Amino acid sequence: MFHLSRDGRLTNVELAKRVGLTPPPCLRRVKRLEESGVISGYRATIDHEALGGGLEVIVSIEVGISDLKTLEELEATVAAYEEVIEFRRVFGRPDYYLRVMVADYAAYEAFQTNKIIGIPGIARVISQPTMKKIKVID
């Protein structure tokens, strides 16, 4: 699994060589991992900076309501924004964490002002621009 998580485009022959198997049993193992859900899919990793997203901001959101319908609407609204590349509800405070990718500080200000502020239920927003990525496993 380690090798496929690092490079999902490995051929079965190359993967078999790396893990010390012949190709047929290697392929059977990969198929079993896919069928059991251990391997849930394959995807491309996008370089957001190459697409003009040079600023990543970690945003914490606290809500001031406990109405389930409002929370569901908040989650649907925020999840739909293309700038939001990760969105988690967590236990305790804050209630949510977001990873937001934008071009620069002006773009983030516009995102926060036009899209986040004013969503019903949001009581507090704290933004922390990323200084340096030390380890990322996507």
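Here are four short exercises on this predicted model, each with a worked solution.

Before you start, note that residues are numbered from 1 along each chain as its sequence is written. Because the model is predicted, local features need pLDDT of at least 70, side-chain atom pairs count only at pLDDT 80 or more, totals for chains, interfaces and linings use all residues, and side-chain values use heavy atoms, with hydrogens and water left out.

**Exercise 1. The overall plan**

Task: Find how many helices and strands the protein has, and work out how spread out the chain is.

Solution:
- Step 1: Count the elements. There are five helices and four strands; these are DSSP runs numbered from the N terminus, with helices (H or I) of at least four residues and strands (E) of at least two.
- Step 2: Read them in order. Starting at the N terminus, you meet α-α-α-β-α-β-β-α-β.
- Step 3: Check the spread. The radius of gyration is 20 Å, well over the 14 Å that the globule rule gives for 138 residues, so the protein is more spread out than a compact globule. Here the radius is taken over C-alpha atoms, and the rule is 2.2 Å times the number of residues to the power 0.38.
- Step 4: Look at the box. Along the principal axes, the C-alpha atoms fill roughly 60 × 35 × 20 Å.

**Exercise 2. The sheet**

Task: Work out the order of the strands in the sheet and which strands lie at its edges.

Solution:
- Step 1: Recall the general idea. Strands of a sheet pair through backbone hydrogen bonds, either parallel or antiparallel.
- Step 2: Follow the pairs, where two strands pair if DSSP finds at least two bridges between them. Five bridges join β2 (residues 84-89) to β3, seven link β1 (residues 55-63) with β3, and seven link β1 with β4.
- Step 3: Put the strands in a row. The open sheet has the order β2-β3-β1-β4, with antiparallel pairing.
- Step 4: Name the edges. β2 and β4 (122-129) each pair on one side only.
- Step 5: Find some partners. R88 is bridged to Y97 in β3, V57 stands opposite V100 in β3, and I58 has Q128 in β4 as its partner.
- Step 6: Visit the hairpin. Six residues separate β2 and β3, and G92 in the turn has a positive phi of about 80 degrees.

**Exercise 3. Strand β3 and R99**

Task: Decide whether R99 is buried or exposed, and find a polar partner for its side chain.

Solution:
- Step 1: Place the residue. R99 lies in strand β3, where six of the seven residues (96-102) are buried.
- Step 2: Apply the cut-offs: buried is under 20% relative accessible area, exposed is over 50%, and partly exposed is in between (1.4 Å probe, protein chains only). R99 counts as buried because its relative accessibility is 16%.
- Step 3: Look for the partner. The side chains of R99 and E56 make a polar contact of 3.1 Å. Such a contact is a pair of N or O atoms within 3.5 Å; within protein, one must be able to donate a hydrogen and the other to accept it, and residues adjacent in sequence count only if both atoms are side-chain atoms.

**Exercise 4. L10**

Task: Describe where L10 sits and which residues it touches.

Solution:
- Step 1: Locate L10. You will find L10 in the loop between α1 (2-6) and α2 (12-19).
- Step 2: Check its cover. L10 counts as buried because its relative accessibility is 13%.
- Step 3: List the contacts (heavy atoms within 4.5 Å). Leaving aside neighbours within four places in sequence, L10 touches H3, L4, L15 and R18.
- Step 4: Look across the model. The C-alpha atoms of L10 and I122 are separated by 44 Å.
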